[in-house]
Amino acid sequence: MKKKLVVIGNGMAPGRALEKLFEIAPDTYEVTIFNAEPRVNYDRIMLSPVLSGEKSFDEIVIHGDGWYVKHNVTLYKGATVTAIDRDAKTITSARGITVPYDKLIIATGSLPIIIPVPGHTLAGVLSYRDLDDVQAMLLASKSRGNAVVIGGGLLGLEAAVGLKEQGMDVTVLHLMPTLMERQLDTTAGLLLQKAIEARGIRVITKANTKAILGEKRVEAVLLEDGTRLQADMVVMAVGIKPNAGIAKTAGIDVARGIKVDAGMRTSDANVFAIGECAEVNGQTYGLVAPLYEMANILAQQLAGDASAQFKPSALATKLKVTGLNLFSAGDFSDGKDREEIVLRDAARGIYKRLVLQDNKLIGAVFYGDTADGAWFFDLIKRGADIASLRETLIFGPNYAGGAPLDPTAAVAALPDEAEICGCNGVCKSTIIGKIGTLGLTTLDDVRAHTKASASCGSCTGLVEQLLKVTLGDSYNPAAVLPMCACTTLGHDDVRRLIVAKSLKTIPEMMQALEWKTSCGCAKCRPALNYYMIATWPGDYVDDGQSRFINERVHANIQKDGTYSVVPRMWGGMTTSKELRAIADVVDKFKIPSVKVTGGQRVDMLGVKKEDLPAVWADLNKAGMISGAAYAKGLRTVKTCVGTDWCRFGTQDSTGLGIKLEKFLWGSWTPAKVKMAVSGCPRNCSEATCKDVGVICVDSGYDIHFAGAAGLDIHGTDVLGHVETEAEAIEAIAALVQLYREQGRYLERIYKWAKRVGHDTVRKAIMDDHERRRALYDRFVISQKFAQIDPWAERVQGKDAHEFGMLADLTKEAAE
Amino acid sequence: MKKSTAIQWVNVGRLSDIPIRGARVVKTARGCIAIFRTSEDHAFALDDRCPHKAGQLSQGIVHGTSVTCPLHNWVISLESGMAQGADHGQVRTHPLKIENGKLLLDVTALTTRSAAA
Ligand code: SRM
Ligand SMILES: Cc1cc2nc3c(=O)[nH]c(=O)nc-3n(C[C@H](O)[C@H](O)[C@H](O)COP(=O)(O)OP(=O)(O)OC[C@H]3O[C@@H](n4cnc5c(N)ncnc54)[C@H](O)[C@@H]3O)c2cc1C
Ligand code: SF4
Ligand code: FES
């Protein structure tokens, strides 16, 4: 007589197990299946195409009714098993059917996790697990209303895209900073977000759902930060938990899932578990590949092969959204002894990252081109030694050796109308056109005929690359010094491309410009952070982690790890009230040293880091703000006493110094900027060795620039003469803005001026009034976002993590 | 019962308490330990003392699995504690693991030494 095999659940795992069993041991078992869902076995992972309308349910059925007849399987549809009696060896369903078994398979899959926020039981709150959910979504989507999908993982995104296809307005809420963070690294996650947004789906990351609102049905979703989103439907796709309830009630060992050995046997020798409900070696699974592997092992065990053992192998994920190519496999986090190979082909929208350990490929993330995913996945699973392939590995199986990556690719991919030379407004097609029609072959030719790179010269690298793209190998551009080892591009090229390609975040820029490392280095990150701030005032969110410590905590680190604090003293003027506040702070916080600086202000040295916010709070109360003595930005404006007191003074030098400092403070610049205003040519404030200096004379103001008195010593050059204070301020702000736009990170004004030519700068500021005004206007706009006292912000609690330790184990370790 | 040779994992906070590509400090009787968090959410624990002139590595810039010292820009590997490039020196590393978002630091070395002291 055949043995009785009963299966609880008719999902993908047991479906596969039975197929295999009927193949290797036909006629051994008489099979009965109970399925809570009222239908046959279908391909659950293809529910998304059903939701989006690309497929019908019939197309995703795995075993039609005929299959059950053919194999003599009794299938109870819509029958939930409610009890297992292990002593009697029977199971009982909700409708009271009791069936005996010799061997039992539990394959109850998972339950979707529902976050128990207020309102989670309202009508219109759905999960995404089975065909019933899809039908409910399709019905609700007829309203063409608003859908909010909670969860930006694989399921959530597939649901979002499907609902969008059905004509709904969709918002995805994701708790983490990037989408699908468990499968993708940050870069791929951000690329994915852009692609999802490009489909008209709103994505809100770091979104914490506080409540679902509504009377009877859902009406809105409320976020922790107060945002309220209209919603006619809410789909919760925040994760799954193994459905192990009946096993547990029956006294079978359950941890997270139903515990099984490598032969799929539970703590009861006659009971097996496979699929998402099973836990092997402390691990549960949520992807089909390992579940099918479990199915194979189970079939062999049931067929009498006790040696069949489940061995977990690497997992791969693909997002099944048409037109979105994403693939991740294995372990792609960085860590001990790991190396990475990154390929970015911005022109084709491709990002590939391989993670290697001991000459083996252990993980891979691909975005854009996933064609070779299977090949790489195979290398991971086999643990193949890739030492001999290493050089060309990232190019995939078809790579036949040959040319390395072309550094001109980024330029070649620019659209025709992209502006190459900002000074002279020359676009790409003009340059390429002239190279062709006039037969130009050198940089000087191009400068002469198009004016491109003939002014400040910061686009020289790009023009040379255009020559290279157009003329091929017959042109050899002068070597550009790369910013750092992470790129082949120089500072100027990077700056120009940030504008031309409208790159607004560092990760986006690293992708578009094919950075060779995943998150840059201590050389390029601070530079990029500055370029972003200078290019996109108001839009760009400052990245503190890309700043040196002084700019991150707005104080100067000292050799013993304490800090110095220098408040602003506008134009070197102070008051008894300010000095008293400084004295009080010094006493209160026992600050060891107080020094008058070379920049006409007071430096408090030796402040403990954790005291900084409190020190600032007290200084703020007395009206003082950060003197930015640490900043690549405006430092001091030194003044002399001028007409206020001095018998030789010709203008109000102190007043102008204060006005300049009040107007320019807070701005970020490529390197520090120091200024001075002297009341007469005796020059007591040493204005002629500053980045910008003003010498007051009877007829007005002589403006000087590009002096140096640090590592180098140079007297200033004259920028020009103006008659009024207002004009002086406009010219100086315009000069600073030009420097902000053209200077390379860490390049002081004197070096920048030498590179682009003092005359070029002079003409731009003093002769071209329209240009001066435009520069001035741009400076004013950027100041709107820059003039926020960083100390006051931190007194309010910003970046609090900087000022407190993580833990104190001094007691612990003393035990 | 504590045996001085057994590993002692101590919870020193959550990974999320540290900014991505940042670091924070755990104070111990044997000096400060810097806990770093990389962009890929790995965490490492190293003595907070640069082998060059004792700069606080916790205040540096974190990139890949390295940190650049805030005082004179030595680059230190978070994995091995070794100075990179032309510089020579090594910082002591401490075993650290992440469990359910919690940072567990192995303090065996600290207690053992304090017991011996
Ligand atoms: C405090 C002060 C010395 C003093 O006790 O007077 C000072 C102190 C430092 N200077 Fe200076 N400089 C100070 C005036 C100057 C001056 C004179 C001036 O500003 O009138 C110069 C020459 C002018 C110039 O900048 O060219 C000056 C040229 C430098 C340089 C060389 C810059 C260059 O490109 O040539 C550096 C190094 C750097 O910036 O990379 C530097 C760097 C430093 C640093 C920030 C070193 C560092 O990175 O830690 C020192 C910080 C100490 C601290 O924590 O406060 N300091 N330093 C002065 C602060 C002025 C202020 O109120 O903000
Ligand atoms: C929308 C969607 C997309 C997915 N995409 C992918 C993908 O791209 N790649 C991938 O690898 N995986 C994907 N998955 C996951 C994959 O579908 C599951 O891992 C797989 O289906 C699990 O198989 P299973 O047999 O363990 O459980 P299931 O297929 O979930 O089957 C369990 C069955 O048991 C029934 N049941 C539960 N309790 C009882 C009971 N007490 N009595 C009777 N019957 C019961 C349930 O009704 C259900 O039909 C996706 C899942 C979903 C929902
Ligand atoms: S001169 Fe040198 S030592 Fe003195 S404050 Fe400036 S940087 Fe420091
Ligand atoms: S102390 Fe770290 S580099 Fe000098």
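In this predicted model, strand S28 of chain A and strand S29, which spans residues 563-565 of chain A, pair in the antiparallel sense over 2 bridges. Within this pairing, A:Asn556 stands opposite A:Ser564 of S29(A). Helix H19 of chain A, residues 612-621, packs on the sheet to which these strands belong and touches both S29 and strand S31 (602-607) of chain A. The direction of H19(A) makes about 5° with that of S29(A).

The sheet as a whole is open and has 4 strands in the order S28-S29-S31-S30 of chain A, with antiparallel pairing. Its edges are formed by strand S28 (556-557) and strand S30 (593-596) of chain A, each of which pairs on one side only. Moving inward from S28(A), one passes from S29(A) to S31(A), and these two antiparallel strands are joined by 3 bridges. Here A:Tyr563 has A:Val607 in S31(A) as its bridge partner. On the other side of the sheet order, S30(A) and S31(A) also run antiparallel and are joined by 4 bridges. One of the pairs across this junction matches A:Ser593 with A:Leu605 in S31(A). S30(A) and S31(A) form a hairpin with 5 residues between the strands, and in this hairpin A:Gln600 takes a positive phi near 65°.

Ligand 1 brings the reader back to residues already met in this sheet. It is surrounded by 18 residues, of which the closest are A:Gln558, A:Ser564, A:Thr597, A:Gly598 and A:Leu711. A:Ser564 is thus among the closest residues to ligand 1 and is also the residue of S29(A) that stands opposite A:Asn556. Polar contacts to oxygen atoms of ligand 1 come from both side chains and backbone. An N or O atom in the side chain of A:Lys595 is 2.8 Å from an oxygen atom of the ligand, and a polar side-chain atom of A:Thr597 lies 2.7 Å from an oxygen atom of ligand 1. From A:Leu711, it is a backbone N or O atom that lies 2.7 Å from an oxygen atom of ligand 1. By class, the surrounding shell consists of 2 nonpolar, 8 polar and 8 charged residues.

What is the division by class in the shell around ligand 2? There, 17 residues are nonpolar, 10 are polar and 5 are charged. Of the 32 residues around this ligand, A:Glu37, A:Arg129, A:Glu276, A:Val288 and A:Lys320 come nearest. A:Glu276 also places a polar side-chain atom 2.5 Å from an oxygen atom of ligand 2. Backbone atoms take part as well: a backbone N or O atom of A:Met12 lies 3.2 Å from an oxygen atom of the ligand, and a polar backbone atom of A:Gly286 is 3.5 Å from an oxygen atom of ligand 2. Taken on its own, ligand 2 has 1,000 Å² of accessible area, and the protein covers 92% of it. Two or more residues of the shell come from each of helix H1 (12-24), strand S2 (29-35), helix H5 (154-165) and helix H8 (288-302) of chain A. Of these, H1(A) gives the most, with 3 residues.

Chain B contributes a further sheet to this account. This open sheet has 3 strands in the order S1-S10-S9 of chain B, with antiparallel pairing. The edge positions belong to strand S1 (9-14) and strand S9 (96-99) of chain B, and each pairs on one side only. From one strand to the next, the twist averages 30°. S1(B) runs antiparallel to strand S10, residues 102-106 of chain B, and 5 bridges join the two. Within this pair of strands, B:Val10 stands opposite B:Leu105 in S10(B).

Conventions. Residues are numbered from 1 along each chain as its sequence is written. Chains are lettered from A and ligands numbered from 1 in the order in which they are written. This is a predicted model: local features need pLDDT of at least 70, side-chain atom pairs count only at pLDDT 80 or more; totals for chains, interfaces and linings use all residues. Side-chain values use heavy atoms; hydrogens and water are left out. Two strands pair if DSSP finds at least two bridges between them. Contact means heavy atoms within 4.5 Å. Axes are lines fitted to C-alpha atoms, for helices over the stretch in contact, and angles run from 0 to 180 degrees between N-to-C directions. A residue is near a molecule or strand if one of its heavy atoms lies within 4 Å of it. A polar contact is a pair of N or O atoms within 3.5 Å; within protein, one must be able to donate a hydrogen and the other to accept it, and residues adjacent in sequence count only if both atoms are side-chain atoms. Accessible areas come from the Shrake-Rupley method with a 1.4 Å probe; for residues, only the protein chains shown count as cover. Ala, Val, Leu, Ile, Met, Phe, Trp, Tyr, Cys and Pro count as nonpolar, Asp, Glu, Lys and Arg as charged, and the others, Gly among them, as polar.
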